[in-house]
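I opened this entry to record what I looked up about two helices, the cores beside them and a few single residues. My notes follow in the order in which I went through them.

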Amino acid sequence: MEKKNLYALLALVALAGLAYYAMRTPEKGDRIGDKPRALAEIKAANITSLEISQPGGGDKVTLTKKGEKWQVTAPYDKPADQQAAKSAVEALEKIKWGDVTTQQKERYGELEVSDDKAVHVVAKDGAGATLADLYLGKTAGSATMVRVAGKDEVWQATDFYTSSFKRDGKSWREHVIYDFKADEATKVSLSGAGGKLVLERVQPAADGKDAKPSSIMEAKWKIVEGTVATLKPGVELDHMVANRIAQGVSTLRAGDFLDAAKPEEVGLAPGAAGQIEVSVTYKDGKSAGVRVGSVKGEDYHVQTLDSPQIFTVKKWSMEQVAHLPADFGDKSLVSLKADQIDSVTIVSGPNAATDVLVVRAADKGWKADKVADADDAKLKSIAEAFDGVNGNNFVAAGAAELASLVKPRATVTIARKGGPKAGAPVVLKIGEARGDDVVVQKGDAAVGEAVWVKKYQVD
């Protein structure tokens with residue numbers, strides 16, 4: 001064998017030996033066996049107190065376990081969000097410790113474990129002994145940076161997330177207002193705008209005394225007290241309104257708590273204009289009820305009937321509940337198919353002489369007066385827009401938007417084919433919007449009988 005090839009072979013064998021030795025030998029500073037932990041293992045069951053401060057020491061809350069339930073005990077004394085508290089203590093039990101990232105205090109800010117950037121969590125047991133005192137920082141890859149109070153090391157923790165603890169103080173509070181089985185609702189009562197209505201659930205004849213109740217969304221109701229002025233002869237009670245009320249009250253959740261709010265500022269003072277009270281009774285005799293006040297942005301101001309605490313509920317949720325007796329009646333405005341319509345006249349604004357569009361049925365499609373190059377698709381969409389226009393609920397007396405119907409934003413007149421014999425034209429007055437709803441009144445409706453219609457329908 002040539003010397004050149006021999007040297008190459010010897011070098012290859014030497015490199016392989018070095019590689020094997022390197023793979024089998026721990027790096028300098030590493031331990032053989034279990035890695036060290038930043039602190040002793042914690043059992044969630046042993047944690048009875050959590051003190052959680054957001055970065056910079058702000059928004060500090062204390063959660064204390066009382067029996068099987070968690071309570072926010074500072075800065076106020078209110079029931080805690082049970083799932084959030086449970087998730088927090090379980091996170092401390094499941095934490096896995098990885099490597100030490102640094103011992104340099106100069107890097108604390110960069111890793112967000114400094115006093116002014118970290119979420120500070122202190123867990124204690126029933127005797128008051130500290131089980132964990134941690135500063136939770138940023139996430140890097142799959143690891144969260146964690147510093148133990150009084151020590152220099154910043155550890156990498158896996159299966160552990162700062163987001164489990166990084167929450168504003170109010171979010172630790174219990175947001176469940178009611179948690180009943182809506183299917184077991186037997187009675188719905190509501191009052192507002194000077195009227196009161198009590199509905200009783202009608203059980204199918206085949207149901208025995210102890211029969212399992214059917215789904216709330218299939219329930220039928222009968223009036224046992226009060227009247228529905230808008231319930232026209234031959235029109236069935238709107239059962240779905242009662243079903244949605246029962247569902248909404250039974251599973252009510254708060255958005256925020258307004259501890260400093262005054263009832264007279266949010267429409268919750270006794271007898272306030274536009275105020276609605278709703279209650280639901282269940283099979284076991286228990287009940288739940290709310291007082292509904294004013295709307296601000298996307299939130300309703302609400303109280304339960306047995307507590308002065310004011311909280312908010314999102315509008316989309318509260319609209320299931322906040323109904324007047326009139327809402328069980330007929331909220332239909334017009335139901336005409338395009339082939340039943342002769343013309344649609346739209347007057348926009350106060351000037352009926354100039355701000356007007358007339359769309360008429362033609363031999364082939366539709367045409368617009370005074371608009372020679374009108375978009376055929378848009379004209380067709382106008383004619384087809386009146387096949388089932390219904391309100392969501394009636395506008396409460398005293399609502400500011402009712403005033404806009406005196407000089408409406410638009411007036412729409414729909415003339416039917418067949419002339420007078422086919423029926424009088426339908427006139428709709430369109431007023432101001434409130435969020436996603438627009439106040440609309442049918443021309444032959446009683447004074448003040450206006451409904452809320454979804455904005456996309458009006459557009």
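I began with helix H2 and found that Gln-82, Ala-84, Ala-85, Ala-88, Val-89, Ala-91 and Leu-92 are buried, where buried stands for under 20% relative accessible area, exposed for over 50% and partly exposed for what lies in between, with a 1.4 Å probe and protein chains only. The model is a predicted one, in which local features need pLDDT of at least 70 and side-chain atom pairs count only at pLDDT 80 or more, while totals for chains, interfaces and linings use all residues. Residues are numbered from 1 along each chain as its sequence is written, and side-chain values use heavy atoms, with hydrogens and water left out.

I took helices (H or I, at least four residues) and strands (E, at least two) as DSSP runs, numbered from the N terminus. On the cover of H2, I noted that its buried residues lie under elements that include strands E1 (49-54), E2 (58-66), E3, E6 (119-124) and E7 (130-140). An α-helix has 3.6 residues a turn, so residues three or four places apart point the same way.

I then checked the length of H2 (residues 82-94): its 13 residues, at 1.5 Å a residue, should span 18 Å, and the end C-alpha atoms are 18 Å apart, which agrees; the expected span is 1.5 Å times one less than the number of residues. At the N-terminal end of H2, Asp-81 acts as a cap, with a side-chain oxygen 3.1 Å from the backbone nitrogen of Gln-83.

Next I turned to H4 (residues 239-250), whose twelve residues should span 16 Å, against 17 Å between its end C-alpha atoms, which agrees. Nine of the twelve residues are buried, so H4 is largely enclosed by the rest of the structure. I listed the buried residues of H4 as packing against strands E10 (185-192), E11 (195-202), E12 (220-225), E14 (276-282) and E15 (287-296).

I looked up the largest nonpolar core (buried Ala, Val, Leu, Ile, Met, Phe, Trp, Tyr and Cys residues joined through side-chain atoms within 4.5 Å) and found 37 residues, with Trp-221, Val-249, Val-290, Met-318 and Phe-328 having the most contacts inside it. H4 gives the most to this core, with five residues. Apart from it lies another core, of 34 residues, among them Leu-39, Ala-85, Leu-134 and Phe-165.

Which residues does Val-249 touch, not counting those up to four places away in sequence? I noted Tyr-178, Val-278, Val-280, Tyr-282, Ala-288 and Val-321, a contact being heavy atoms within 4.5 Å.

For single residues, I first took Gln-71 in strand E3 (residues 69-74), which counts as buried at 19% relative accessibility. Beyond four places in sequence, Gln-71 touches residues including Thr-62, Lys-66, Asp-77 and Ala-80.

Lys-65, in strand E2, is partly exposed with a relative accessible area of 29%. Leaving aside neighbours within four places in sequence, I found Lys-65 in contact with Ile-47, Thr-48 and Trp-70.

Leu-258, in the loop between strand E13 (256-257) and E14, is partly exposed at 23%. I noted that Leu-258 and Gln-309 are 51 residues apart in sequence and 7.6 Å apart in space, C-alpha to C-alpha.

Last, I recorded the chain as a whole: seven helices and 27 strands, with buried residues making up 38% of the 459 residues.

How values were computed. A polar contact is a pair of N or O atoms within 3.5 Å; within protein, one must be able to donate a hydrogen and the other to accept it, and residues adjacent in sequence count only if both atoms are side-chain atoms.
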